[in-house]
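Student: I would like to learn how to read charged pairs and empty spaces in a protein model. Could we go through them one at a time?

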Amino acid sequence: MKKAAKTLCVAIASLVILSASTCAQLSPSFYNGTCRDVSHVVWKVVSQAVGSEKRMAASLLRLHFHDCFVNGCDGSVLLDDTASFTGEKSAGPNKNSLRGFEVIDAIKSQLESQCPGIVSCADIVALAAQTSVFMLGGPGWAVPLGRRDSTTASRDAANSQIPPPVFTVSELTSAFQAKGLSLKDMVVLSGAHTIGAAQCFTFRNRLYSFNSTAASDPTIDASFLATLQSSCPKESGDDQLSNLDAVTPNRFDNQYYKNLQKNKGLLTSDQELFSGTGSDAATLVSSYASNPLTFWRDFKESMIKMGNISPLTGTNGEIRKNCHFVNS
């Protein structure tokens, strides 16, 4: 296992913003000698939360995405505002939509009781995301661990680094490449939208004010458009939710890609993946739509790559006692 993990880490280091010294410190067995129950605690708390509300799985997965895309996977997304910085929670992509903080808090509380000062908030977020995917029928993978927590956060960075739901394929590709992730990573990680929901304001433009020549996005399936308009009014209901995958919203499968083939992607950034017949993105969409095991395999690999974006290791950062605040 250690040899395999080392080989994988070396391969990832050549593709992601990750130094060789950092790579050597990240390992699925990082806590084996210091906090052996970490995975069990995460599983227990997440399973209870997801058992009570299936959507929480998607929220925890999204929390990991939004953490890693802003200056690396360092738990900065969890920090509350202070006198010295304005954190990421109030950034446009996160405000009134990012969820799951109480689940991370519950995990942290139990771990601090069992092994104080050992497990980082950043690692808890990564483990909670993996557990959430598995709980809704998705693949499992060994999460490389050993990240430490940041001592600051940036709302401006969150606003500029998290791809918005109106991005085109070209813009999405550039945003992912800036993080050391490929077009393939972008398409397969977008498959996380096979679970979860989005608020009305994130896709309303596709329904009523698409551009100067069309009120609604002409690529949307007509029946799907009517359904969305019935649940997302033109001038109200900003926080009304629609499932990102209307067919199997609580199962981590490849239905998301099948929906795109039928022009039933919810967000602009979703349906954009299947725009342009024969494009690299559209080809990948078709591949994942017809090969669920291929989707699972590639999703696991890309999640590990994303989870290794610029982590703090060694003596960098800290192990927070409370995920909301930097240590005194």
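Tutor: Let us begin with a definition: a salt bridge is a side-chain nitrogen of Lys or Arg within 4 Å of a carboxyl oxygen of Asp or Glu. The general idea is that side chains of opposite charge can pair when their charged atoms come close. Please keep in mind that the model before you is predicted.

Student: How many salt bridges does a search of the whole structure find?

Tutor: When the whole structure is searched, 10 salt bridges are found. One of them pairs the side chains of Lys108 and Glu112, with an N to O distance of 2.9 Å.

Student: Where do Lys108 and Glu112 sit with respect to each other in helix 5?

Tutor: The two residues are 4 apart in helix 5, which covers residues 101–114, and therefore about one helical turn separates Lys108 from Glu112.

Student: Is Lys108 buried or exposed, and is Glu112 buried or exposed?

Tutor: A residue counts as buried when its relative accessible area is under 20%. Lys108, with a relative accessible area of 3%, is buried, and Glu112 is buried too, with a value of 18%.

Student: Which residue forms a salt bridge with Arg147, and which parts does the pair tie together?

Tutor: The partner of Arg147 is Asp123, and their closest N and O atoms are 2.6 Å apart. Because Arg147 lies in the loop between helix 6 (121–135) and helix 7 (155–161), while Asp123 belongs to helix 6, the pair ties together parts that are 24 residues apart in sequence. Arg147 is buried, at a relative accessible area of 2%, and Asp123 is buried as well, at 0%.

Student: Which residues are joined into one network by salt bridges that share partners?

Tutor: Consider first Asp298 and Arg297, whose side chains meet in a salt bridge with an N to O distance of 3.0 Å. Asp298 counts as buried at 4% relative accessibility, whereas Arg297 is partly exposed, with a relative accessible area of 43%. Through shared partners, salt bridges join Lys184, Arg297 and Asp298 into one network.

Student: Now for the empty spaces: how much space lies in the largest pocket?

Tutor: In general, rolling a probe the size of a water molecule over the atoms shows where empty space is left. Here, the largest pocket holds about 860 Å³ of space. It is lined by 36 residues, and those closest to its centre are Arg62, His66, Pro163, His193 and Leu267.

Student: Which element supplies the largest share of the lining of that largest pocket?

Tutor: Helix 4 does, with 7 residues. Among the elements that each supply at least two residues are helix 4 (55–68), helix 8 (169–177) and strand 1 (197–199). Sorted by class, the lining of the largest pocket has 21 nonpolar, 10 polar and 5 charged residues.

Student: What volume does the largest cavity have, and which residues line it?

Tutor: The search of the whole structure finds 1 cavity of 30 Å³ or more, and the largest cavity has a volume of about 60 Å³. Its lining includes His64, Trp141, Met303 and also Arg147, the residue we met in a salt bridge with Asp123. Two or more lining residues come from helix 6 and from helix 15 (292–307), and helix 15 gives the most, with 3 residues. By class, this lining has 6 nonpolar, 3 polar and 1 charged residues.

Note on methods:
Residues numbered from 1 in each chain as written. Predicted model: local features only at pLDDT ≥ 70, side-chain atom pairs only at ≥ 80, totals over all residues. Heavy atoms only, no water. Buried < 20%, exposed > 50% of the residue type's maximum accessible area, 1.4 Å probe, protein only. 1 Å grid on protein atoms, 1.4 Å probe; cavity = no way out; pocket = protein on both sides within 12 Å on 5 of 7 lines; lining within 4 Å. Points joined across faces, edges and corners; volume = space filled by probe spheres on them. Nonpolar A, V, L, I, M, F, W, Y, C, P; charged D, E, K, R; others polar.
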